[in-house]
Amino acid sequence: MARVVVDVMLKPEILDPQGQAVANALPRLGVTDVSSVRIGRRIEIEFTGEPDLDRAREIADKLLANPVIEDFDISVVEDVKAEVA
Amino acid sequence: MRIGVVTFPGSLDDGDAARAVRLAGADAVRLWHGDPDLHNVDAVVLPGGFSYGDYLRCGAIARFAPAMESIIDAARGGLPVLGICNGFQILCEAHLLPGALTRNQHLHFRNRDQWLRVESADTAWTNTFQPGQEILIPVKNGEGCYVADQRTLDALEAEGRVVARYIRGNPNGSQRDIAAVTNEAGNVVGIMPHPEHAVEALTGPSLDGLGFFTSVLRALAGATAGASHAGGHQ
């Protein structure tokens, strides 16, 4: 079985206040060498048959990401079982 | 006049929106998200709340509701549509309005009475206001920060499509203090604060919100008069 992974990230020019809040919390963990944190979303899609990248791209473009504020990347995880193992 | 108010799973302010419609003197027609039939309404209000639990992104799933498919088509044909708060988010997700609403810059939910300046009275939903008029209506959102690229913002300003701006404090970090925008035709308006909560002295900080609902009645009356006038010359 193959899985398609869609990674959605805010565009670089869009402010990410969640990422900033996390970055601001890091010094409290004693971490002082991180200059930036940005938060995105990973979505895993499993097709009933062969993974269809064009279909996944369409899903990502229409629903999973908002192209006004977000970019996305699509990749295939070839062997899901191997990944789990 | 029949004004539709759509209820999505997770809508909160559909009852108040319907009440505001009635107080303005129209019939409120409750529409269900799963029903593509708009029941011959003359205009539509998309109310505030958390449609589909705000899953994925606010408004992202509501945009594909059967009722929304019909509303998107009708709005492109000129049907007046007002999106309030979550309704504004849905209109942006549906690409009926430019830009997007993102997490408040300070990450806090804001719930307070908010002063706005009405920048444009040339829309179906603001024609009873004076340009520059200052109004007080409640704002309550966690993801109300309006963003768009600079070119879009410049175009909105140049075309007079910024409908209202926050004054005396920006509650969410919206670019250029934008609280409400309209489409090119002026029939679709999205506003983050809640005019439907400012229609009665008992519960609201003012009666300023009523103007949005009386405006659409005036717009519709004008359209009807225009249509019958045009008909008379045929």
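These legends go with close-up views of a predicted model that has chains A and B.

**View 1. The annotated active site of chain B.** The UniProt annotation "active site", from an unreviewed entry, covers Cys85(B), His194(B) and Glu196(B). Those residues are spread over 112 residues of sequence, yet they cluster in space, with a largest C-alpha distance of 10.9 Å. Keep in mind that the label comes from the UniProt record; the distance is computed from the predicted coordinates.

**View 2. Zooming in on Cys85(B).** Look for Cys85(B) in the loop between β4 (81-84) and α3 (86-93) of chain B. Is Cys85(B) buried or exposed? Cys85(B) is buried, because 28 other C-beta atoms lie within 10 Å and 20 or more are enough to count. Setting aside residues up to four places away in sequence, Cys85(B) touches Gly48(B), Asn141(B), Met192(B) and His194(B). One of those contacts, His194(B), also carries the "active site" annotation.

**View 3. Zooming in on His194(B).** His194(B) sits in the loop between β11 (188-191) and α5 (210-232) of chain B. His194(B) has 24 C-beta neighbours inside 10 Å, so it counts as buried. Which residues is His194(B) in contact with, once neighbours within four places in sequence are left aside? They are Asp13(B), Gly48(B), Ile84(B), Cys85(B), Ile137(B), Pro138(B), Val139(B) and Lys140(B). Gly48(B) turns up here and in the contacts of Cys85(B) as well.

**View 4. Helix α1 of chain B and what comes after.** This helix runs over residues 14-24, and its buried residues are Asp14(B), Asp16(B), Ala17(B), Ala18(B), Ala20(B), Val21(B) and Ala24(B). Right after α1(B) comes Gly25(B), with a positive phi near 105°.

**View 5. The strands of chain A.** Strand β1 (residues 3-10) of chain A pairs with β2 (residues 41-46) in the antiparallel sense over six bridges. To find your place in that pairing, start from Val5(A), whose bridge partner in β2(A) is Glu44(A). β1(A) also pairs with β3 (residues 70-77), again antiparallel, over eight bridges. On that side, Val6(A) has Ile74(A) in β3(A) as its bridge partner.

**View 6. Chain A end to end.** Three helices and three strands make up the secondary structure of chain A, and along the sequence they follow the pattern β-α-β-α-β-α. The radius of gyration is 16 Å, well over the 12 Å that the globule rule gives for 85 residues, so chain A is more spread out than a compact globule. The C-alpha trace spans about 45 × 35 × 15 Å along its principal axes. Just 12% of the 85 residues count as buried. Among contacts in chain A with a separation of 6 or more, 67% join residues 24 or more positions apart.

**View 7. Where chain A meets chain B.** Nine residues of chain A are in contact with 10 residues of chain B. Helix α1 (residues 17-25) of chain A gives the most to its side, with three residues. By type, the chain A side has seven nonpolar residues, two polar and no charged.

**View 8. Confidence along chain A.** Chain A averages a pLDDT of 90, and 91% of its residues score at least 70. Which element of chain A has the lowest mean pLDDT? Helix α3 (residues 80-84) does, at 54, while strand β1 (residues 3-10) has the highest, at 96. Where pLDDT is low, predicted coordinates should not be read in detail.

Methods:
Residues are numbered from 1 along each chain as its sequence is written. Chains are lettered from A and ligands numbered from 1 in the order in which they are written. This is a predicted model: local features need pLDDT of at least 70, side-chain atom pairs count only at pLDDT 80 or more; totals for chains, interfaces and linings use all residues. UniProt positions are given in the numbering used here, feature names are shortened, and annotations may be inferred rather than shown by experiment. Helices (H or I, at least four residues) and strands (E, at least two) are DSSP runs, numbered from the N terminus. Two residues are in contact if their C-beta atoms, placed from the backbone, lie within 7 Å. pLDDT is the predictor's confidence in each residue, from 0 to 100. Two strands pair if DSSP finds at least two bridges between them. The radius of gyration is taken over C-alpha atoms; the globule rule is 2.2 Å times the number of residues to the power 0.38. Ala, Val, Leu, Ile, Met, Phe, Trp, Tyr, Cys and Pro count as nonpolar, Asp, Glu, Lys and Arg as charged, and the others, Gly among them, as polar.
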